[in-house]
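Colleague: Please take me through one part of this model closely. I would like to see what surrounds the ligand, and how the helices pack.

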Amino acid sequence: MTYRLLIADRSYSSWSLRGWLSLAAFELPVSLTETRMYLPGFRTDLAAFAPELTGAAAPRTVPILRLPEGGLLTDSLAIAETLAERHPEAGLWPADPVARALARSLVAEMHSGFSALREACPMNLRVAYTDVPVSDAVRADLDRLEALWESCSGLSRGGAPWLFGAYSLADVFFAPVAMRIAGYGLGVGTDAQAYVAAHLAHPLLRDWRARGLAQPEQPAYRRDYTTVDWPS
Ligand SMILES: N[C@@H](CCC(=O)N[C@@H](CS)C(=O)NCC(=O)O)C(=O)O
(Lines give C-alpha, C1' and ligand atoms only; values in the text may rest on other atoms or scores of the structure.)
Protein backbone atom coordinates (compact mmCIF):
# COMPACT_ATOMS: atom_id res chain seq x y z
CA MET A 1 0.00 0.00 0.00
CA THR A 2 2.83 2.38 -0.85
CA TYR A 3 2.30 5.42 -3.04
CA ARG A 4 4.95 6.37 -5.56
CA LEU A 5 5.66 10.06 -6.05
CA LEU A 6 7.81 11.77 -8.66
CA ILE A 7 9.22 15.11 -7.53
CA ALA A 8 11.83 17.57 -8.82
CA ASP A 9 14.41 19.90 -7.22
CA ARG A 10 13.58 20.29 -3.56
CA SER A 11 14.96 23.83 -3.42
CA TYR A 12 12.78 25.12 -6.24
CA SER A 13 9.79 22.91 -6.97
CA SER A 14 6.98 24.27 -4.83
CA TRP A 15 4.38 21.91 -6.31
CA SER A 16 6.65 18.94 -5.56
CA LEU A 17 6.86 20.14 -1.97
CA ARG A 18 3.06 20.30 -1.75
CA GLY A 19 2.71 16.82 -3.23
CA TRP A 20 5.24 15.35 -0.81
CA LEU A 21 3.81 17.12 2.26
CA SER A 22 0.34 15.83 1.35
CA LEU A 23 1.72 12.36 2.09
CA ALA A 24 4.55 12.88 4.58
CA ALA A 25 2.72 15.23 6.94
CA PHE A 26 -0.03 12.64 7.39
CA GLU A 27 2.30 9.65 7.62
CA LEU A 28 1.07 8.05 4.41
CA PRO A 29 3.59 5.58 2.95
CA VAL A 30 5.47 6.95 -0.03
CA SER A 31 8.37 5.90 -2.20
CA LEU A 32 10.04 8.89 -3.91
CA THR A 33 11.56 9.18 -7.36
CA GLU A 34 13.46 12.39 -8.02
CA THR A 35 14.21 14.32 -11.19
CA ARG A 36 15.68 17.75 -11.95
CA MET A 37 13.79 20.53 -13.72
CA TYR A 38 15.01 22.28 -16.85
CA LEU A 39 17.67 19.67 -17.53
CA PRO A 40 17.68 17.36 -20.56
CA GLY A 41 16.56 14.31 -18.55
CA PHE A 42 13.39 15.91 -17.14
CA ARG A 43 10.94 14.82 -19.81
CA THR A 44 12.62 11.39 -20.05
CA ASP A 45 12.24 10.87 -16.30
CA LEU A 46 8.56 11.84 -16.48
CA ALA A 47 8.00 9.45 -19.38
CA ALA A 48 9.75 6.63 -17.50
CA PHE A 49 7.57 7.23 -14.44
CA ALA A 50 4.38 7.35 -16.50
CA PRO A 51 4.99 5.08 -19.53
CA GLU A 52 1.27 4.58 -20.12
CA LEU A 53 0.86 8.30 -20.89
CA THR A 54 2.34 8.81 -24.32
CA GLY A 55 2.38 11.44 -27.04
CA ALA A 56 0.38 14.55 -26.22
CA ALA A 57 -0.91 12.80 -23.07
CA ALA A 58 2.61 12.55 -21.63
CA PRO A 59 2.95 14.45 -18.35
CA ARG A 60 4.79 17.79 -18.44
CA THR A 61 5.03 18.71 -14.80
CA VAL A 62 5.72 17.33 -11.34
CA PRO A 63 4.52 16.12 -8.91
CA ILE A 64 3.09 12.87 -10.27
CA LEU A 65 1.52 10.32 -7.95
CA ARG A 66 1.10 6.66 -8.78
CA LEU A 67 -1.56 4.93 -6.69
CA PRO A 68 -0.58 1.59 -5.11
CA GLU A 69 -3.11 -0.24 -7.29
CA GLY A 70 -2.13 1.75 -10.41
CA GLY A 71 -3.44 5.01 -11.83
CA LEU A 72 -1.59 8.28 -12.23
CA LEU A 73 -2.39 11.72 -10.87
CA THR A 74 -0.57 14.62 -12.51
CA ASP A 75 -1.74 17.58 -10.43
CA SER A 76 -1.07 18.53 -6.81
CA LEU A 77 -4.68 19.46 -6.02
CA ALA A 78 -5.95 16.14 -7.38
CA ILE A 79 -3.26 14.38 -5.34
CA ALA A 80 -4.33 16.16 -2.15
CA GLU A 81 -8.05 15.53 -2.65
CA THR A 82 -7.51 11.89 -3.59
CA LEU A 83 -5.34 11.20 -0.55
CA ALA A 84 -7.88 12.89 1.73
CA GLU A 85 -10.67 10.78 0.26
CA ARG A 86 -8.69 7.54 0.56
CA HIS A 87 -7.49 8.22 4.13
CA PRO A 88 -10.31 9.92 6.04
CA GLU A 89 -8.73 8.83 9.33
CA ALA A 90 -5.48 10.71 8.59
CA GLY A 91 -7.01 14.18 9.02
CA LEU A 92 -5.83 15.82 5.81
CA TRP A 93 -8.83 18.17 5.93
CA PRO A 94 -10.22 19.74 9.13
CA ALA A 95 -12.93 17.58 10.73
CA ASP A 96 -15.40 20.44 11.16
CA PRO A 97 -17.50 20.86 7.97
CA VAL A 98 -17.35 24.67 7.92
CA ALA A 99 -13.61 24.71 8.57
CA ARG A 100 -13.17 22.00 5.91
CA ALA A 101 -15.10 24.04 3.35
CA LEU A 102 -13.00 27.11 4.07
CA ALA A 103 -9.78 25.07 3.94
CA ARG A 104 -10.82 23.73 0.52
CA SER A 105 -11.53 27.25 -0.67
CA LEU A 106 -8.11 28.48 0.50
CA VAL A 107 -6.31 25.57 -1.12
CA ALA A 108 -8.17 26.02 -4.41
CA GLU A 109 -7.40 29.74 -4.44
CA MET A 110 -3.72 29.04 -3.74
CA HIS A 111 -3.67 26.50 -6.54
CA SER A 112 -5.11 28.89 -9.10
CA GLY A 113 -4.07 32.32 -7.84
CA PHE A 114 -1.37 34.55 -6.39
CA SER A 115 0.36 34.70 -9.76
CA ALA A 116 2.12 38.03 -9.08
CA LEU A 117 3.77 36.68 -5.94
CA ARG A 118 4.63 33.38 -7.60
CA GLU A 119 6.18 35.07 -10.64
CA ALA A 120 8.12 37.73 -8.77
CA CYS A 121 9.37 35.40 -6.04
CA PRO A 122 9.91 31.86 -7.30
CA MET A 123 10.50 29.45 -4.46
CA ASN A 124 14.21 29.15 -3.68
CA LEU A 125 15.04 27.46 -0.38
CA ARG A 126 18.79 27.96 -0.83
CA VAL A 127 19.00 31.71 -0.38
CA ALA A 128 17.42 34.56 1.55
CA TYR A 129 17.34 38.21 0.51
CA THR A 130 16.74 41.61 2.00
CA ASP A 131 15.48 44.87 0.47
CA VAL A 132 13.52 43.07 -2.22
CA PRO A 133 11.33 45.55 -4.14
CA VAL A 134 7.62 44.74 -3.83
CA SER A 135 5.33 45.71 -6.71
CA ASP A 136 1.73 46.77 -6.14
CA ALA A 137 0.56 43.43 -7.55
CA VAL A 138 2.74 41.46 -5.13
CA ARG A 139 1.61 43.69 -2.24
CA ALA A 140 -2.01 42.97 -3.18
CA ASP A 141 -1.29 39.22 -3.14
CA LEU A 142 0.36 39.52 0.28
CA ASP A 143 -2.59 41.54 1.63
CA ARG A 144 -4.99 38.92 0.33
CA LEU A 145 -2.94 36.12 1.90
CA GLU A 146 -2.89 37.84 5.26
CA ALA A 147 -6.64 38.44 5.12
CA LEU A 148 -7.27 34.78 4.27
CA TRP A 149 -5.01 33.52 7.04
CA GLU A 150 -6.64 35.95 9.45
CA SER A 151 -10.10 34.70 8.47
CA CYS A 152 -9.17 31.24 9.76
CA SER A 153 -8.10 32.33 13.21
CA GLY A 154 -11.57 32.94 14.63
CA LEU A 155 -12.92 29.65 13.36
CA SER A 156 -10.90 26.79 14.73
CA ARG A 157 -7.30 27.82 15.27
CA GLY A 158 -7.55 28.12 19.03
CA GLY A 159 -4.01 29.42 19.55
CA ALA A 160 -2.41 26.73 17.38
CA PRO A 161 0.16 27.86 14.81
CA TRP A 162 -1.71 26.17 11.94
CA LEU A 163 -4.64 27.65 10.05
CA PHE A 164 -7.27 25.22 11.34
CA GLY A 165 -5.71 24.00 14.59
CA ALA A 166 -4.18 20.71 13.52
CA TYR A 167 -1.86 20.79 10.50
CA SER A 168 -4.00 20.30 7.38
CA LEU A 169 -3.83 20.49 3.59
CA ALA A 170 -4.36 24.24 3.90
CA ASP A 171 -0.97 24.46 5.63
CA VAL A 172 0.54 22.14 3.03
CA PHE A 173 -0.53 24.43 0.21
CA PHE A 174 0.70 27.58 1.96
CA ALA A 175 4.05 26.12 3.04
CA PRO A 176 5.86 27.25 -0.15
CA VAL A 177 4.25 30.69 0.21
CA ALA A 178 5.56 30.95 3.75
CA MET A 179 9.01 30.04 2.40
CA ARG A 180 8.77 32.85 -0.17
CA ILE A 181 7.80 35.38 2.50
CA ALA A 182 10.74 34.19 4.62
CA GLY A 183 13.28 33.91 1.81
CA TYR A 184 12.49 37.20 0.09
CA GLY A 185 12.00 39.01 3.40
CA LEU A 186 8.52 40.18 2.38
CA GLY A 187 6.82 42.46 4.89
CA VAL A 188 3.79 40.97 6.60
CA GLY A 189 2.06 41.57 9.93
CA THR A 190 2.83 39.89 13.25
CA ASP A 191 0.30 37.06 12.91
CA ALA A 192 1.46 36.19 9.41
CA GLN A 193 5.07 36.31 10.60
CA ALA A 194 4.22 33.81 13.35
CA TYR A 195 2.59 31.54 10.77
CA VAL A 196 5.68 31.78 8.55
CA ALA A 197 7.89 30.99 11.57
CA ALA A 198 5.84 27.87 12.29
CA HIS A 199 6.52 26.62 8.76
CA LEU A 200 10.24 27.46 9.06
CA ALA A 201 10.42 25.38 12.25
CA HIS A 202 8.43 22.43 10.89
CA PRO A 203 10.70 19.33 11.02
CA LEU A 204 9.50 17.99 7.67
CA LEU A 205 10.21 21.29 5.94
CA ARG A 206 13.61 21.56 7.57
CA ASP A 207 14.47 18.07 6.38
CA TRP A 208 13.18 18.80 2.86
CA ARG A 209 15.27 21.99 2.72
CA ALA A 210 18.42 20.25 4.01
CA ARG A 211 18.11 17.56 1.34
CA GLY A 212 17.61 20.25 -1.28
CA LEU A 213 20.81 22.00 -0.23
CA ALA A 214 22.66 18.76 -0.99
CA GLN A 215 21.46 18.94 -4.62
CA PRO A 216 23.26 21.07 -7.23
CA GLU A 217 22.11 24.68 -7.56
CA GLN A 218 20.09 25.86 -10.57
CA PRO A 219 21.53 29.36 -11.11
CA ALA A 220 18.50 30.53 -13.12
CA TYR A 221 16.59 30.80 -9.84
CA ARG A 222 19.07 33.32 -8.38
CA ARG A 223 17.97 36.92 -8.10
CA ASP A 224 20.24 39.95 -7.94
CA TYR A 225 19.23 41.09 -4.44
CA THR A 226 21.33 41.49 -1.30
CA THR A 227 21.59 38.09 0.39
CA VAL A 228 21.24 37.36 4.11
CA ASP A 229 21.36 34.19 6.22
CA TRP A 230 18.41 31.85 5.86
CA PRO A 231 15.91 32.77 8.63
CA SER A 232 15.49 29.96 11.12
N1 LIG B 1 -0.91 22.51 -11.67
C2 LIG B 1 0.24 21.70 -11.42
C3 LIG B 1 1.49 22.55 -11.56
C4 LIG B 1 2.75 21.73 -11.50
C5 LIG B 1 3.97 22.51 -11.93
O6 LIG B 1 3.87 23.56 -12.59
N7 LIG B 1 5.14 21.95 -11.59
C8 LIG B 1 6.41 22.56 -11.97
C9 LIG B 1 7.44 22.34 -10.88
S10 LIG B 1 7.05 23.25 -9.41
C11 LIG B 1 6.98 21.86 -13.19
O12 LIG B 1 6.91 20.66 -13.29
N13 LIG B 1 7.59 22.64 -14.09
C14 LIG B 1 8.25 22.08 -15.22
C15 LIG B 1 7.87 22.75 -16.49
O16 LIG B 1 6.94 23.57 -16.48
O17 LIG B 1 8.51 22.43 -17.51
C18 LIG B 1 0.13 21.06 -10.04
O19 LIG B 1 -0.61 21.59 -9.21
O20 LIG B 1 0.72 20.00 -9.80
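Modeller: I start at the ligand and then move on to two helix pairs.

This is a predicted model, in which local features need pLDDT of at least 70, side-chain atom pairs count only at pLDDT 80 or more, and totals for chains, interfaces and linings use all residues. Residues are numbered from 1 along each chain as its sequence is written, and side-chain values use heavy atoms, with hydrogens and water left out.

The ligand has 13 residues around it, each with a heavy atom within 4 Å of it. The closest are Ser13, Val62, Asp75, Ser76 and His111. Now look at the polar contacts (pairs of N or O atoms within 3.5 Å). Val62 uses its backbone: an N or O atom there lies 2.8 Å from a ligand nitrogen. Asp75 uses its side chain, where an N or O atom is 2.9 Å from a nitrogen atom of the ligand. Ser76 has a polar side-chain atom 2.6 Å from a ligand oxygen.

Stay with Val62. Its peptide bond to Pro63 is cis, with omega near 5°. Pro63 sits in the loop between helix H2 (42-49) and strand E3 (64-66). Helices (H or I, at least four residues) and strands (E, at least two) are DSSP runs, numbered from the N terminus.

Next, follow His111 into helix H4. His111 is among the H4 residues that touch H7, along with Ala103, Leu106, Val107 and Met110. On the H7 side are Leu169, Ala170, Phe173, Phe174 and Val177. Contact here means heavy atoms within 4.5 Å. These residues divide into nine nonpolar, one polar and no charged. H4 covers residues 97-112 and H7 covers 169-183. They pack at about 30°, with axes 8 Å apart. The axes are lines fitted to C-alpha atoms over the stretch in contact, and angles run from 0 to 180 degrees between N-to-C directions. That angle makes H4 roughly parallel to H7; the cut-off is under 35 degrees, while over 145 counts as roughly antiparallel, 65 to 115 as roughly perpendicular and the rest as oblique.

Compare a second pair. Helix H1 (residues 14-24) and helix H9 (residues 203-213) cross at roughly 135°, and their axes come within 11 Å. That makes H1 oblique to H9. From H1, the residues Ser16, Leu17, Trp20, Leu21 and Ala24 meet Leu204, Leu205 and Trp208 of H9. This contact divides into seven nonpolar, one polar and no charged.

One last stop is the loop between H1 and strand E2 (30-34), where Glu27 lies. Glu27 has phi near 55°, a positive value in a residue other than glycine.

Terms used: Ala, Val, Leu, Ile, Met, Phe, Trp, Tyr, Cys and Pro count as nonpolar, Asp, Glu, Lys and Arg as charged, and the others, Gly among them, as polar. A polar contact is a pair of N or O atoms within 3.5 Å; within protein, one must be able to donate a hydrogen and the other to accept it, and residues adjacent in sequence count only if both atoms are side-chain atoms.
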